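Welcome! Take a look at the chain below, and then let us work through a few exercises together.

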Amino acid sequence: MNMSEVVFLVEEDPEGGYTARALGESIFTQADTLDELRTMVRDAVECHFEGSDKDVVVSLRSGKGNRI
């Protein structure tokens, strides 16, 4: 089994809502709430790795390194 972890840096957007940027991958998304952001991150990761045989574990972290 081929497994990867993708860590996202989550920040509040100055214009409102939140952004999430993957560290080490070209994945970025945004949403109005943290619940919506979790869904958007899940969708973005599925799209990014579509057709891959990798199992992906996703972690969301604040700018301070705390899990979200």
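Here are four exercises, each with a worked solution.

This is a predicted model, in which local features need pLDDT of at least 70 and side-chain atom pairs count only at pLDDT 80 or more, while totals for chains, interfaces and linings use all residues. Residues are numbered from 1 along each chain as its sequence is written, and side-chain values use heavy atoms, with hydrogens and water left out.

**Exercise 1. Describe the fold pattern and the overall extent of the chain.**

Step 1: Look for helices (H or I, at least four residues) and strands (E, at least two), which are DSSP runs numbered from the N terminus. The chain has one helix and four strands.

Step 2: Put them in sequence order, and the pattern reads β-β-β-α-β. The radius of gyration, 12 Å, is close to the 11 Å that the globule rule gives for 68 residues, so the chain is as compact as a globular protein of that length. Here the radius is taken over C-alpha atoms, and the rule is 2.2 Å times the number of residues to the power 0.38.

Step 3: Along the principal axes, the C-alpha atoms fill a box of roughly 40 × 20 × 20 Å.

**Exercise 2. Find which residues touch the most other members of the largest nonpolar core.**

Step 1: Recall that such a core is a set of buried Ala, Val, Leu, Ile, Met, Phe, Trp, Tyr and Cys residues joined through side-chain atoms within 4.5 Å. Buried means under 20% relative accessible area, exposed over 50%, and partly exposed in between (1.4 Å probe, protein chains only).

Step 2: The core has 13 residues, and those touching the most other members are Phe8, Ala20, Ile27, Leu37, Val41 and Val45.

Step 3: Strand E1 (2–12), strand E2 (18–23) and helix H1 (34–48) each give two or more residues to this core. H1 supplies the largest share, four residues.

**Exercise 3. Is threonine 29 buried or exposed, and what does it contact?**

Step 1: Threonine 29 sits in strand E3 (residues 28–31).

Step 2: With a relative accessible area of 8%, threonine 29 is buried.

Step 3: Beyond its neighbours within four places in sequence, threonine 29 has contacts (heavy atoms within 4.5 Å) with Tyr18, Thr19, Ala20, Leu37, Met40 and Val41.

**Exercise 4. Do the same for serine 62: place, burial and contacts.**

Step 1: Serine 62 belongs to strand E4 (residues 54–62).

Step 2: Its relative accessibility is 18%, and serine 62 counts as buried.

Step 3: Setting aside neighbours within four places in sequence, serine 62 touches Leu9, Val10 and Ile68.
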